[in-house]
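Please follow the chain through the structure shown here, beginning with a loop and its backbone and then turning to the ligand and its surroundings.

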Amino acid sequence: MNFTGAHILSISQFQRSDVEYLFTVANQMEPYALRKRVTRVLEGAILGNMFFEPSTRTRVSFGSAFNLLGGEVRETAGFESSALVKGESLQDTARVLSGFSDVICMRHPQAGSVADFASASRVPVMNGGDGANEHPTQALLDLYTIARELKGKGRGIDGLRIAMIGDLRHGRTVHSLSKLLCLYSNIQVILISPRELALPEDIVEQMRAAGLAVTVSEELNSSIANVDIVYSTRIQEERFTTKEEADLYRGKFRLNQAIYTQYCEPNTVIMHPLPRDSRSDANELDSDLDSNPNLAIFRQTDNGLLIRMALFALVLDVVGKVDQYSHDVRWYNSRQN
Ligand code: NCD
(Lines give C-alpha, C1' and ligand atoms only; values in the text may rest on other atoms or scores of the structure.)
Protein backbone atom coordinates (compact mmCIF):
# COMPACT_ATOMS: atom_id res chain seq x y z
CA MET A 1 0.00 0.00 0.00
CA ASN A 2 1.04 3.59 -0.41
CA PHE A 3 1.08 5.01 3.12
CA THR A 4 1.52 8.64 2.08
CA GLY A 5 -1.75 10.48 2.67
CA ALA A 6 -3.65 7.24 3.34
CA HIS A 7 -6.54 6.88 5.79
CA ILE A 8 -5.91 4.04 8.27
CA LEU A 9 -9.41 2.63 8.72
CA SER A 10 -9.24 -1.16 8.66
CA ILE A 11 -6.79 -4.04 8.83
CA SER A 12 -8.15 -5.14 5.44
CA GLN A 13 -6.03 -2.40 3.85
CA PHE A 14 -2.76 -4.09 4.85
CA GLN A 15 -0.63 -6.66 3.07
CA ARG A 16 2.00 -8.59 4.98
CA SER A 17 4.79 -6.52 3.41
CA ASP A 18 3.08 -3.30 4.64
CA VAL A 19 2.99 -4.66 8.18
CA GLU A 20 6.65 -5.65 7.98
CA TYR A 21 7.63 -2.20 6.71
CA LEU A 22 5.57 -0.54 9.46
CA PHE A 23 7.35 -2.66 12.10
CA THR A 24 10.77 -1.67 10.69
CA VAL A 25 9.81 2.01 10.92
CA ALA A 26 8.45 1.44 14.46
CA ASN A 27 11.86 0.05 15.49
CA GLN A 28 13.48 3.27 14.20
CA MET A 29 11.23 5.30 16.54
CA GLU A 30 12.62 3.72 19.69
CA PRO A 31 15.35 6.31 20.52
CA TYR A 32 12.67 9.03 20.37
CA ALA A 33 10.07 7.14 22.40
CA LEU A 34 12.75 6.36 24.99
CA ARG A 35 13.78 10.07 25.09
CA LYS A 36 17.34 9.35 24.00
CA ARG A 37 16.86 11.73 21.08
CA VAL A 38 14.33 14.44 20.24
CA THR A 39 13.02 15.02 16.73
CA ARG A 40 11.17 18.12 15.45
CA VAL A 41 10.30 16.56 12.09
CA LEU A 42 6.56 17.35 12.44
CA GLU A 43 7.12 20.88 13.79
CA GLY A 44 4.10 22.98 12.78
CA ALA A 45 1.85 20.00 12.06
CA ILE A 46 -1.45 19.62 13.93
CA LEU A 47 -3.20 16.40 14.95
CA GLY A 48 -6.95 16.65 15.50
CA ASN A 49 -7.60 14.02 18.16
CA MET A 50 -11.35 13.40 18.31
CA PHE A 51 -12.61 10.87 20.82
CA PHE A 52 -16.37 10.47 21.11
CA GLU A 53 -16.12 7.43 23.40
CA PRO A 54 -14.17 6.93 26.65
CA SER A 55 -10.45 6.48 26.09
CA THR A 56 -7.29 6.95 28.08
CA ARG A 57 -4.43 5.11 26.43
CA THR A 58 -5.44 5.25 22.78
CA ARG A 59 -6.14 8.99 22.91
CA VAL A 60 -3.04 9.88 24.90
CA SER A 61 -0.92 7.43 22.92
CA PHE A 62 -1.90 9.02 19.57
CA GLY A 63 -1.32 12.48 21.05
CA SER A 64 2.01 11.62 22.65
CA ALA A 65 3.20 9.88 19.49
CA PHE A 66 2.47 13.04 17.51
CA ASN A 67 4.17 15.23 20.15
CA LEU A 68 7.22 12.95 20.11
CA LEU A 69 7.59 13.70 16.40
CA GLY A 70 7.42 17.41 17.12
CA GLY A 71 3.76 18.06 16.22
CA GLU A 72 0.94 19.79 18.15
CA VAL A 73 -2.30 18.14 19.29
CA ARG A 74 -5.85 19.57 19.44
CA GLU A 75 -8.34 17.44 21.36
CA THR A 76 -12.11 17.04 21.20
CA ALA A 77 -13.67 14.59 23.62
CA GLY A 78 -17.34 13.68 24.15
CA PHE A 79 -20.41 14.51 22.10
CA GLU A 80 -21.59 17.09 24.67
CA SER A 81 -18.75 19.47 23.86
CA SER A 82 -18.97 19.10 20.07
CA ALA A 83 -21.36 20.47 17.43
CA LEU A 84 -22.61 16.93 16.77
CA VAL A 85 -25.18 17.55 19.54
CA LYS A 86 -26.53 20.42 17.41
CA GLY A 87 -27.28 17.96 14.63
CA GLU A 88 -24.15 18.48 12.53
CA SER A 89 -23.33 15.48 10.31
CA LEU A 90 -20.03 13.69 10.77
CA GLN A 91 -19.18 14.62 7.19
CA ASP A 92 -19.64 18.34 7.86
CA THR A 93 -17.52 18.04 11.00
CA ALA A 94 -14.88 16.37 8.82
CA ARG A 95 -15.04 19.16 6.19
CA VAL A 96 -14.45 21.73 8.92
CA LEU A 97 -11.86 20.01 11.08
CA SER A 98 -9.75 18.84 8.17
CA GLY A 99 -9.17 22.51 7.44
CA PHE A 100 -7.54 22.89 10.85
CA SER A 101 -5.48 19.70 11.01
CA ASP A 102 -2.84 17.74 9.08
CA VAL A 103 -4.13 14.39 10.28
CA ILE A 104 -7.13 13.34 12.38
CA CYS A 105 -7.52 10.42 14.79
CA MET A 106 -11.04 9.49 15.71
CA ARG A 107 -13.00 7.15 17.97
CA HIS A 108 -16.77 6.91 17.70
CA PRO A 109 -19.40 4.45 19.04
CA GLN A 110 -20.90 3.65 15.63
CA ALA A 111 -19.45 0.98 13.33
CA GLY A 112 -18.41 2.54 10.01
CA SER A 113 -18.53 6.12 11.37
CA VAL A 114 -14.81 6.76 11.04
CA ALA A 115 -14.86 5.69 7.38
CA ASP A 116 -17.89 7.95 6.84
CA PHE A 117 -15.99 10.84 8.43
CA ALA A 118 -12.87 10.05 6.37
CA SER A 119 -14.85 10.16 3.12
CA ALA A 120 -15.36 13.91 3.61
CA SER A 121 -11.98 14.71 5.20
CA ARG A 122 -9.29 16.61 3.32
CA VAL A 123 -6.55 15.05 5.47
CA PRO A 124 -5.70 11.45 6.48
CA VAL A 125 -7.91 9.93 9.17
CA MET A 126 -6.91 7.13 11.56
CA ASN A 127 -9.49 4.87 13.16
CA GLY A 128 -9.09 4.79 16.95
CA GLY A 129 -12.06 2.42 17.27
CA ASP A 130 -15.44 2.54 15.51
CA GLY A 131 -18.00 0.86 17.73
CA ALA A 132 -17.67 -2.90 17.83
CA ASN A 133 -16.17 -2.94 14.34
CA GLU A 134 -12.39 -2.38 14.22
CA HIS A 135 -9.41 -0.95 16.09
CA PRO A 136 -6.62 -1.32 13.54
CA THR A 137 -3.81 0.51 15.35
CA GLN A 138 -4.40 -1.64 18.45
CA ALA A 139 -4.11 -4.82 16.35
CA LEU A 140 -0.90 -3.54 14.78
CA LEU A 141 0.64 -2.77 18.18
CA ASP A 142 -0.58 -6.14 19.48
CA LEU A 143 1.05 -8.00 16.59
CA TYR A 144 4.22 -5.90 16.97
CA THR A 145 4.27 -6.91 20.65
CA ILE A 146 3.73 -10.57 19.75
CA ALA A 147 6.62 -10.36 17.26
CA ARG A 148 8.93 -8.81 19.87
CA GLU A 149 7.96 -11.24 22.62
CA LEU A 150 8.46 -14.26 20.34
CA LYS A 151 11.72 -12.92 18.91
CA GLY A 152 13.17 -13.18 22.41
CA LYS A 153 12.36 -16.88 22.18
CA GLY A 154 13.93 -17.27 18.72
CA ARG A 155 10.56 -17.45 16.96
CA GLY A 156 8.64 -15.48 14.34
CA ILE A 157 4.91 -14.81 13.93
CA ASP A 158 4.39 -17.76 11.54
CA GLY A 159 3.51 -20.80 13.62
CA LEU A 160 1.93 -18.71 16.39
CA ARG A 161 -0.56 -20.35 18.78
CA ILE A 162 -2.86 -17.81 20.41
CA ALA A 163 -5.92 -18.02 22.71
CA MET A 164 -8.31 -15.05 22.57
CA ILE A 165 -10.54 -14.81 25.60
CA GLY A 166 -13.66 -12.90 26.65
CA ASP A 167 -16.14 -10.76 24.74
CA LEU A 168 -15.10 -11.73 21.23
CA ARG A 169 -18.43 -10.63 19.78
CA HIS A 170 -18.09 -6.95 20.65
CA GLY A 171 -14.31 -6.66 21.10
CA ARG A 172 -13.03 -4.59 18.18
CA THR A 173 -9.42 -5.31 19.13
CA VAL A 174 -9.89 -9.05 18.59
CA HIS A 175 -11.79 -8.39 15.35
CA SER A 176 -8.85 -6.44 13.95
CA LEU A 177 -6.22 -8.82 15.35
CA SER A 178 -8.02 -11.85 13.87
CA LYS A 179 -8.00 -10.19 10.44
CA LEU A 180 -4.31 -9.31 10.82
CA LEU A 181 -3.35 -12.90 11.67
CA CYS A 182 -4.80 -13.94 8.28
CA LEU A 183 -1.63 -12.53 6.69
CA TYR A 184 0.54 -15.18 8.40
CA SER A 185 1.04 -18.96 8.01
CA ASN A 186 0.52 -21.90 10.26
CA ILE A 187 -1.46 -19.96 12.87
CA GLN A 188 -3.55 -21.72 15.51
CA VAL A 189 -6.29 -19.70 17.19
CA ILE A 190 -8.38 -20.82 20.15
CA LEU A 191 -11.48 -18.67 20.69
CA ILE A 192 -12.67 -18.80 24.30
CA SER A 193 -15.95 -17.05 25.05
CA PRO A 194 -19.52 -17.70 26.18
CA ARG A 195 -21.46 -18.89 23.13
CA GLU A 196 -23.47 -15.64 23.08
CA LEU A 197 -20.25 -13.61 22.87
CA ALA A 198 -18.57 -15.66 20.14
CA LEU A 199 -16.42 -14.04 17.46
CA PRO A 200 -18.64 -12.96 14.50
CA GLU A 201 -19.00 -15.81 12.04
CA ASP A 202 -17.76 -13.79 9.05
CA ILE A 203 -14.42 -13.20 10.80
CA VAL A 204 -14.12 -16.89 11.76
CA GLU A 205 -14.79 -17.79 8.12
CA GLN A 206 -12.21 -15.28 6.92
CA MET A 207 -9.62 -16.86 9.21
CA ARG A 208 -10.45 -20.40 8.08
CA ALA A 209 -10.35 -19.33 4.43
CA ALA A 210 -6.88 -17.89 5.05
CA GLY A 211 -5.74 -21.28 6.36
CA LEU A 212 -5.77 -20.60 10.11
CA ALA A 213 -6.65 -23.50 12.41
CA VAL A 214 -9.51 -22.12 14.49
CA THR A 215 -11.05 -23.91 17.47
CA VAL A 216 -13.81 -22.69 19.73
CA SER A 217 -14.19 -23.29 23.47
CA GLU A 218 -16.33 -22.14 26.37
CA GLU A 219 -13.82 -23.28 28.99
CA LEU A 220 -10.71 -21.35 29.97
CA ASN A 221 -8.39 -23.64 31.90
CA SER A 222 -8.25 -26.58 29.50
CA SER A 223 -7.94 -24.30 26.47
CA ILE A 224 -4.86 -22.30 27.41
CA ALA A 225 -2.50 -25.25 27.83
CA ASN A 226 -0.76 -25.22 24.45
CA VAL A 227 -0.46 -21.62 23.35
CA ASP A 228 2.27 -19.00 23.07
CA ILE A 229 -0.05 -16.09 23.85
CA VAL A 230 -3.16 -15.68 25.99
CA TYR A 231 -4.98 -12.54 24.90
CA SER A 232 -7.61 -11.61 27.46
CA THR A 233 -10.31 -8.99 26.90
CA ARG A 234 -12.93 -7.08 28.87
CA ILE A 235 -16.69 -7.64 28.65
CA GLN A 236 -17.65 -4.61 26.51
CA GLU A 237 -20.51 -3.53 28.74
CA GLU A 238 -21.13 -0.35 26.74
CA ARG A 239 -22.26 -2.52 23.80
CA PHE A 240 -25.03 -4.28 25.79
CA THR A 241 -28.54 -2.88 26.10
CA THR A 242 -28.51 -3.19 29.87
CA LYS A 243 -25.81 -3.49 32.53
CA GLU A 244 -27.60 -6.59 33.88
CA GLU A 245 -27.04 -8.34 30.57
CA ALA A 246 -23.31 -7.61 30.70
CA ASP A 247 -23.27 -8.81 34.32
CA LEU A 248 -24.22 -12.29 33.12
CA TYR A 249 -20.81 -12.65 31.51
CA ARG A 250 -18.54 -10.57 33.69
CA GLY A 251 -15.94 -12.59 35.59
CA LYS A 252 -16.54 -15.79 33.62
CA PHE A 253 -12.92 -16.10 32.51
CA ARG A 254 -10.44 -15.08 35.16
CA LEU A 255 -6.75 -15.65 34.76
CA ASN A 256 -4.57 -15.52 37.85
CA GLN A 257 -1.12 -16.81 38.78
CA ALA A 258 -2.40 -20.12 40.20
CA ILE A 259 -4.31 -20.95 37.00
CA TYR A 260 -1.37 -19.77 34.90
CA THR A 261 1.08 -21.99 36.80
CA GLN A 262 -1.21 -25.00 36.66
CA TYR A 263 -2.37 -24.84 33.06
CA CYS A 264 -0.11 -22.72 30.85
CA GLU A 265 3.17 -23.75 29.27
CA PRO A 266 6.12 -22.01 30.95
CA ASN A 267 6.69 -18.52 29.53
CA THR A 268 3.28 -18.19 27.90
CA VAL A 269 2.91 -14.48 27.17
CA ILE A 270 -0.10 -12.72 28.73
CA MET A 271 -1.66 -9.86 26.77
CA HIS A 272 -4.73 -7.59 27.09
CA PRO A 273 -5.58 -4.45 25.10
CA LEU A 274 -6.48 -2.76 28.43
CA PRO A 275 -8.25 -1.44 30.37
CA ARG A 276 -8.47 -4.68 32.36
CA ASP A 277 -11.58 -4.65 34.51
CA SER A 278 -10.12 -4.99 38.01
CA ARG A 279 -13.45 -4.82 39.86
CA SER A 280 -13.95 -7.87 42.07
CA ASP A 281 -16.87 -9.20 39.97
CA ALA A 282 -14.74 -9.13 36.82
CA ASN A 283 -11.01 -9.33 37.49
CA GLU A 284 -10.25 -10.99 34.17
CA LEU A 285 -6.48 -10.55 34.72
CA ASP A 286 -5.65 -10.71 38.43
CA SER A 287 -3.13 -8.28 39.87
CA ASP A 288 -1.18 -11.27 41.28
CA LEU A 289 0.12 -11.64 37.70
CA ASP A 290 1.77 -8.22 37.88
CA SER A 291 5.13 -9.66 38.94
CA ASN A 292 5.01 -12.37 36.25
CA PRO A 293 7.70 -11.38 33.69
CA ASN A 294 5.51 -12.81 30.92
CA LEU A 295 2.81 -10.23 31.56
CA ALA A 296 3.28 -8.06 28.46
CA ILE A 297 0.39 -5.61 28.97
CA PHE A 298 2.54 -2.59 29.72
CA ARG A 299 5.01 -3.49 26.99
CA GLN A 300 1.96 -3.41 24.68
CA THR A 301 1.16 0.17 25.69
CA ASP A 302 4.81 1.22 25.27
CA ASN A 303 4.89 -0.43 21.86
CA GLY A 304 1.71 1.44 20.92
CA LEU A 305 3.69 4.68 20.91
CA LEU A 306 6.22 3.22 18.44
CA ILE A 307 3.49 1.94 16.10
CA ARG A 308 1.55 5.22 16.14
CA MET A 309 4.71 7.28 15.62
CA ALA A 310 5.56 5.03 12.68
CA LEU A 311 2.06 5.44 11.21
CA PHE A 312 2.25 9.25 11.47
CA ALA A 313 5.74 9.28 9.95
CA LEU A 314 4.58 7.09 7.06
CA VAL A 315 1.27 8.82 6.38
CA LEU A 316 2.87 12.27 6.51
CA ASP A 317 5.87 10.99 4.51
CA VAL A 318 8.71 11.98 6.86
CA VAL A 319 10.27 8.59 7.62
CA GLY A 320 13.55 9.55 5.94
CA LYS A 321 13.70 12.92 7.72
CA VAL A 322 13.08 11.93 11.35
CA ASP A 323 16.81 11.67 12.21
CA GLN A 324 17.77 14.74 10.17
CA TYR A 325 15.69 17.02 12.41
CA SER A 326 16.84 15.47 15.68
CA HIS A 327 19.14 16.24 18.59
CA ASP A 328 20.07 14.71 21.96
CA VAL A 329 17.79 15.23 24.95
CA ARG A 330 18.79 18.01 27.31
CA TRP A 331 16.94 16.88 30.44
CA TYR A 332 17.52 14.16 33.01
CA ASN A 333 16.18 10.92 31.57
CA SER A 334 15.10 8.49 34.25
CA ARG A 335 14.40 5.77 31.66
CA GLN A 336 18.15 5.29 31.03
CA ASN A 337 18.86 4.45 34.67
C1 NCD B 1 -9.97 -1.27 23.82
C2 NCD B 1 -11.03 -0.55 23.00
O3 NCD B 1 -11.34 0.62 23.27
O4 NCD B 1 -11.50 -1.18 22.09
N5 NCD B 1 -9.16 -0.40 24.53
C6 NCD B 1 -8.07 0.14 23.89
O7 NCD B 1 -8.21 0.93 22.99
N8 NCD B 1 -6.86 -0.28 24.25
C9 NCD B 1 -10.48 -2.40 24.62
C10 NCD B 1 -11.54 -2.14 25.66
O11 NCD B 1 -12.00 -1.03 25.85
O12 NCD B 1 -11.91 -3.13 26.33
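In this predicted model, the loop that runs between α2 (30–33) and β1 (37–39) contains Arg-35. Although Arg-35 is not a glycine, its phi is positive, at about 60°. Most residues other than glycine have a negative phi, and most peptide bonds are trans. A second backbone feature concerns the peptide bond between Leu-274 and Pro-275, which is cis, with omega at about 0°. Pro-275 belongs to the loop between β10 (269–271) and α11 (297–315), and both Leu-274 and Pro-275 are also among the residues that surround the ligand.

The ligand itself sits in the largest pocket. Because domain 1 (11–134 + 301–331) and domain 2 (136–298) both contribute residues to the shell around the ligand, the ligand lies between these two domains. Two helices, α3 (57–68) and α7 (172–181), each provide at least two residues of that shell; the surrounding residues include Arg-57 and Thr-58, as well as Arg-172 and Thr-173. Other members of the shell include Arg-107, His-135, Gln-138, Arg-234, Gln-236 and Pro-273. By residue class, the shell comprises three nonpolar, five polar and four charged residues.

Which atoms of the ligand are paired with the side chains of Thr-58, Gln-138 and Arg-172? In the case of Thr-58, an N or O atom of the side chain is 2.8 Å from an oxygen atom of the ligand, and for Arg-172 an N or O atom of the side chain is 2.7 Å from a ligand oxygen atom. Gln-138, by contrast, places a polar side-chain atom 3.1 Å from a nitrogen atom of the ligand. Of the 320 Å² of accessible area that the ligand has on its own, the protein covers 94%.

Terms used:
Residues are numbered from 1 along each chain as its sequence is written. This is a predicted model: local features need pLDDT of at least 70, side-chain atom pairs count only at pLDDT 80 or more; totals for chains, interfaces and linings use all residues. Side-chain values use heavy atoms; hydrogens and water are left out. A residue is near a molecule or strand if one of its heavy atoms lies within 4 Å of it. A polar contact is a pair of N or O atoms within 3.5 Å; within protein, one must be able to donate a hydrogen and the other to accept it, and residues adjacent in sequence count only if both atoms are side-chain atoms. Accessible areas come from the Shrake-Rupley method with a 1.4 Å probe; for residues, only the protein chains shown count as cover. On a 1 Å grid over the protein atoms alone, a cavity is a set of points where a 1.4 Å probe fits but cannot get out, and a pocket is an open set with protein on both sides within 12 Å along at least five of seven lines; lining residues have an atom within 4 Å of a point. A molecule sits in a cavity or pocket if more than half of its atoms lie within 2 Å of its grid points. Helices (H or I, at least four residues) and strands (E, at least two) are DSSP runs, numbered from the N terminus. Ala, Val, Leu, Ile, Met, Phe, Trp, Tyr, Cys and Pro count as nonpolar, Asp, Glu, Lys and Arg as charged, and the others, Gly among them, as polar. Domain bounds come from an automatic or database domain assignment.
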